[in-house]
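Hello,

Here is the structure I promised to pass on, with the sequence alongside. My notes follow below it, so have a look at the model before you read on.

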Amino acid sequence: MHEQSVKVTIVGAGSVGVTTAYALLLSGLASEIVLLDIDQARAEGEAIDLSHAAHYAHAKVRVASSYADCAGSTIVIITAGVNQKPGQTRLDLVKTNYALFRTVVPEVARNAPDTILLVATNPVDVLTHAAFELSGFPVQRVIGSGTAMDTTRFRHELGKHYGVNPRNVHAVIIGEHGDSQIPVWSLASIAGMRLRDYCSQKGIAYDDAAMTEVARRTRGAAYEIIQRKGKTNYGVASVLVSIVEPIVKNSDAIVTVSRVGIYEGVGPVALSMPCKLNYRGAHQDVPLLLDAAEREGVKKSAQSILDVIVSAKGG
Ligand SMILES: NC(=O)c1ccc[n+]([C@@H]2O[C@H](COP(=O)([O-])OP(=O)(O)OC[C@H]3O[C@@H](n4cnc5c(N)ncnc54)[C@H](O)[C@@H]3O)[C@@H](O)[C@H]2O)c1
C-alpha cells in the first residue's frame with residue numbers, strides 16, 4: 001500500500017491513454033488513476049474494466065465527470081488527440097491537436113495548479129511548448145515524452161546489433177520526437193566503452209553502414225508499426241510509466257524528455273535532452289557534451305520545431 005497517495009489523471013482514454021493506465025496500474029506507482037475523455041461512455045467502460053484489474057493491483061480507477069476531478073493530481077498525462085494515419089508525419093497532426101490543447105490545458109491548469117503535466121499527444125514537442133504557454137506553469141513542470149521513446153528504440157536496436165541487453169547500452173536520441181531527431185553517436189557506449197572502443201576490444205570492425213541502419217530503424221519505427229497495426233501504444237505506455245516513476249519516487253533518474261529551453265541559441269522551444277526527473281519535475285542540470293555535427297543537428301531540430309509552433313499559432 002502507498003504511504004502517501006499518488007493520483008494520476010489521464011486526459012484522453014483512447015489507445016495510448018488506456019494502455020498507459022493499465023501499465024501504471026500494474027506498476028503499483030499510483031494509488032488513484034482517473035480517466036478523462038470527451039467520450040464519457042468510453043472512458044466509463046475503460047475505467048470499469050480497469051477497476052477489475054485494479055482489484056489485484058491495489059489502486060482505485062475511476063472516470064472523471066469534469067476537469068474538477070483533476071484536482072490533487074501529482075501528474076496529469078495528456079494523451080488526447082488525433083493520431084497518425086499511415087503515411088502521415090507527426091507534424092501533420094498539429095492543427096487539430098493544437099486547437100484541442102487550447103481547450104484542455106487551461107482547464108487542467110486551473111483545476112490542478114500544482115500538478116506536473118506530462119504530454120504524449122503528437123507532435124509532442126510542439127504540444128509540450130503549447131502546454132507550457134497555455135498552463136503558465138514553470139518549465140520544469142511541463143514535460144513531453146519526447147525522445148524517451150526513440151531512445152528506448154535506439155538502445156533496443158543497438159542491443160540487437162551487438163548482442164547485448166539494451167539496459168547495458170548507454171545511448172540517447174535528442175532533439176525532435178520526429179524526423180529531425182539526433183542520435184548522439186559521440187557518447188554512445190556499451191559496458192562503459194565508447195562504441196568504437198567496444199568494437200576494437202571485441203575484435204570486430206565498427207560498421208558505419210550498420211549504424212546508419214540502426215538510426216534509420218529508430219527514426220522509422222513508428223511508421224513501420226502504424227503501417228501494420230494503425231497505431232502505437234505499448235512502447236509509449238511503458239515509456240510514460242518510466243517518466244512517472246522517477247517523479248513519484250523522487251529518484252533523480254535521468255531520462256531523455258522534452259522541455260522548453262534555449263538550444264544552440266534557438267528558442268524558447270521544447271525538445272528533448274537528458275533531464276533529471278524528481279517530484280519537482282524535469283531539470284536540465286548538465287548540458288550534453290556534443291560534437292559539432294550533433295550541435296548543428298540540435299540547432300536544425302530546434303528551428304524546425306519552432307517553425308511549426310509559429311505556424312500553429314497562426315503567426
Ligand atoms: N509521444 C509518443 O511517443 C506517442 C506515441 C503514440 C501515440 N502518440 C500520440 O498520442 C495521441 C493519442 O493517440 P491514440 O492512439 O491514443 O488515439 P485515440 O484516438 O485512440 O485516442 C484519443 C482519445 O482522445 C480523446 N479526445 C479527443 N478530444 C478530446 C478532448 N478535447 N478532451 C478529452 N479527450 C479527448 C478521444 O475521445 C480519444 O478517446 C496522438 O496524438 C498520437 O499521435 C504519441
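Let me start with strand β3, which has a covered face, made by Val61 and Val63, and an uncovered one with Lys60 and Arg62. Helices and strands here are DSSP runs, numbered from the N terminus, with at least four residues of H or I for a helix and at least two of E for a strand. Before going further, please note that this is a predicted model, in which local features need pLDDT of at least 70, side-chain atom pairs count only at pLDDT 80 or more, and totals for chains, interfaces and linings use all residues. Residues are numbered from 1 along each chain as its sequence is written.

β3 is joined to strand β2 (residues 32–36) by four bridges, and the two run parallel. Strands are taken to pair if DSSP finds at least two bridges between them. Across this pair, leucine 35 sits opposite valine 63.

Just beyond the strand comes alanine 64, in the loop between β3 (60–63) and β4 (75–78). Alanine 64 counts as buried because it has 20 C-beta neighbours inside 10 Å. The cut-offs are 20 or more other C-beta atoms within 10 Å for buried, 12 or fewer for exposed, and partly exposed in between, with C-beta atoms placed from the backbone. Which residues does alanine 64 contact, leaving aside neighbours within four places in sequence? They are Thr9, Val34, Leu35, Leu36 and Asp69, where contact means that the C-beta atoms, placed from the backbone, lie within 7 Å. Glycine 146 is 82 residues from alanine 64 along the chain, and their C-alpha atoms are separated by 26 Å.

On the other side of β3 in sequence, histidine 58 lies in the loop between α2 (40–54) and β3. Its phi is positive, about 55 degrees, although histidine 58 is not a glycine. With 11 C-beta neighbours inside 10 Å, histidine 58 counts as exposed. A second case is glutamate 264, in the loop between β12 (253–263) and β13, with a positive phi near 50 degrees. Glutamate 264 is partly exposed, having 16 other C-beta atoms within 10 Å. For context, most residues other than glycine have a negative phi, and most peptide bonds are trans.

That brings me to the cis peptide bonds. One runs from asparagine 122 to proline 123, with omega near -5 degrees; proline 123 is in the loop between β5 (116–119) and α4. Another runs from glycine 267 to proline 268, with omega near 5 degrees, and proline 268 belongs to strand β13 (residues 266–278).

Now for some helix packing. The axes of α3 (residues 94–111) and α4 (residues 124–135) come within 9 Å and cross at roughly 35 degrees. These axes are lines fitted to C-alpha atoms over the stretch in contact, with angles from 0 to 180 degrees between N-to-C directions. The crossing of α3 past α4 is right-handed, meaning that the near helix is turned clockwise from the far one by less than a right angle. On the α3 side the contact includes Val94, Tyr98, Phe101 and Val105, and among the α4 residues they meet are Val126, Leu127 and Leu134. The residues of this contact divide into 11 nonpolar, two polar and one charged. In that count Ala, Val, Leu, Ile, Met, Phe, Trp, Tyr, Cys and Pro are nonpolar, Asp, Glu, Lys and Arg are charged, and the others, Gly among them, are polar.

Helix α8 (residues 234–249) holds valine 241, which is buried because it has 20 C-beta neighbours inside 10 Å. Leaving aside neighbours within four places in sequence, valine 241 contacts Thr20, Ala23, Leu24, Ser27 and Leu29.

There is also an open sheet of three strands in the order β7-β10-β11, with antiparallel pairing. Its edge strands, each pairing on one side only, are β7 (169–170) and β11 (193–194). Two bridges join β10 (residues 189–190) to β11, and isoleucine 190 stands opposite methionine 193.

Finally, the annotation. An unreviewed UniProt entry lists residues 6–144 as "domain: Lactate/malate dehydrogenase N-terminal" and residues 147–309 as "domain: Lactate/malate dehydrogenase C-terminal". UniProt positions are in the numbering used here, feature names are shortened, and annotations may be inferred rather than shown by experiment. Over residues 6–144 the chain is 42% helix and 18% strand; over residues 147–309 the values are 48% helix and 23% strand.

Best wishes

Conventions
Contact = placed C-beta atoms within 7 Å.
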